[in-house]
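I am opening a notebook on a structure that is new to me. I will write down what I looked up, one topic at a time.

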Amino acid sequence: MIVRDLNAAEKTDRRVVSETWESTRLLLKNDAMGFSMHVTTIYEGTITPMWYRNHLEAVLCVEGEGEIETMDDGKVHAIRPGVIYALDKHDKHVLRARTRMRMVCVFNPPLHGKEVHGPDGAYPLEAEEVTA
Ligand code: 9YT
């Protein structure tokens, strides 16, 4: 069994900080679960365009408020605690955070650990591994 504490993980390389968000990656590829699981904080008032063309991602909002827009059809959905969205079609999307938001995110295939968005908003399939 794997047991990990978010508070402890935040003090290690599992915490990755980007411009509009930070994410602590609690489960990664080397845990061999077939998915990775992260707790992500989106900073208040930010706009983050993303396009996970190499991954599927499901996101559960547990704190804060914002909205998500799918770029192909311009549909906007309110995101608040208890709302989940799943990018089952590798949807190009933009997340606008009205307040600080906390999200639980699952990725398939799992992340290696150090991924940040490339210029296209995607993560590469290969990246530096975190072992801490
Ligand atoms: C909601 C979202 O996708 N935010 C970007 C960070 C990502 N969840 C991650 O790498 O954990």
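The entries below go through spaces, salt bridges, surface residues and backbone details.

**Entry 1: what kind of model this is**

Before anything else I note that I am working with a predicted model.

**Entry 2: the cavity**

I looked for enclosed space and found one cavity of 30 Å³ or more. The largest cavity holds about 130 Å³ of space, and 17 residues line it, with Thr40, Met50, Tyr52, Glu57 and Cys105 closest to its centre. Which strands each supply at least two residues of this lining? I found that strand S2 (21–27), strand S3 (36–42), strand S5 (56–63) and strand S10 (101–108) each do so. Sorting the lining of the largest cavity by class, I wrote down 11 nonpolar, four polar and two charged residues.

**Entry 3: the pocket**

I then turned to open space, where the largest pocket contains about 180 Å³. Its lining is made up of 13 residues, and those that lie nearest the centre of the pocket are Ser18, Thr20, Thr48, Pro49 and His117. Strand S4 (residues 47–50) gives the largest share of this lining, namely three residues. By class, I recorded five nonpolar, six polar and two charged residues around the largest pocket.

**Entry 4: salt bridges**

As a reminder to myself, side chains of opposite charge can pair when their charged atoms come close. How many salt bridges does a search of the whole structure find? The search gives eight, and I followed up several of them.

The side chains of arginine 4 and aspartate 31 form one salt bridge, at 3.0 Å from N to O. Arginine 4 sits in the segment before helix H1 (6–9), while aspartate 31 sits in the loop between S2 and S3, so this pair ties together parts that are 27 residues apart in sequence. I also checked how far each partner is covered: arginine 4 has a relative accessible area of 35% and is therefore partly exposed, whereas aspartate 31, at 14%, counts as buried because the cut-off for buried is under 20%.

The side chains of arginine 15 and glutamate 22 meet in another salt bridge, at 2.9 Å from N to O. Here arginine 15 is partly exposed at 34% relative accessibility, and glutamate 22 is buried, with a relative accessible area of 17%.

I next looked at aspartate 88, which forms a salt bridge with lysine 89, their closest N and O atoms being 3.2 Å apart. Are these two residues buried or exposed? I found that aspartate 88 is exposed, and that lysine 89 is exposed as well. Finally for this entry, I noted a network of salt bridges that links Glu67, Glu69 and Arg96.

**Entry 5: nonpolar residues at the surface**

Looking over the surface, I came upon a nonpolar patch formed by Leu60, Val62 and Ile84, which together have about 250 Å² of accessible area. Isoleucine 84 belongs to strand S8 (residues 84–86), and with a relative accessible area of 57% this residue counts as exposed, because the cut-off for exposed is over 50%.

I looked up isoleucine 47 as well, which has its place in strand S4 and is exposed, with a relative accessible area of 52%. Between isoleucine 47 and aspartate 120 I noted a separation of 73 residues in sequence and of 15 Å in space, C-alpha to C-alpha.

**Entry 6: backbone details**

Where is there a cis peptide bond? I found that the bond from asparagine 108 to proline 109 is cis, with omega near -5°, and that proline 109 lies in the segment after S10.

Two residues caught my attention for their phi angles. Alanine 32 is not a glycine, yet has a positive phi of about 60°; this alanine lies in the loop between S2 and S3 and counts as exposed at 67% relative accessibility. Histidine 90, which is not a glycine either, has a positive phi of about 55°. I placed histidine 90 in the loop between S8 and strand S9 (93–97), where this residue is partly exposed at 31% relative accessibility.

Methods. Residues are numbered from 1 along each chain as its sequence is written. This is a predicted model: local features need pLDDT of at least 70, side-chain atom pairs count only at pLDDT 80 or more; totals for chains, interfaces and linings use all residues. Side-chain values use heavy atoms; hydrogens and water are left out. Patches are made of residues with over 30% relative accessible area and no salt bridge: like charges are joined within 9 Å, nonpolar side chains (Val, Leu, Ile, Met, Phe, Trp, Tyr) within 5 Å. Accessible areas come from the Shrake-Rupley method with a 1.4 Å probe; for residues, only the protein chains shown count as cover. A salt bridge is a side-chain nitrogen of Lys or Arg within 4 Å of a carboxyl oxygen of Asp or Glu. Helices (H or I, at least four residues) and strands (E, at least two) are DSSP runs, numbered from the N terminus. Buried means under 20% relative accessible area, exposed over 50%, partly exposed in between (1.4 Å probe, protein chains only). On a 1 Å grid over the protein atoms alone, a cavity is a set of points where a 1.4 Å probe fits but cannot get out, and a pocket is an open set with protein on both sides within 12 Å along at least five of seven lines; lining residues have an atom within 4 Å of a point. Grid points are joined across faces, edges and corners, and a volume is the space filled by probe spheres set on the points. Ala, Val, Leu, Ile, Met, Phe, Trp, Tyr, Cys and Pro count as nonpolar, Asp, Glu, Lys and Arg as charged, and the others, Gly among them, as polar.
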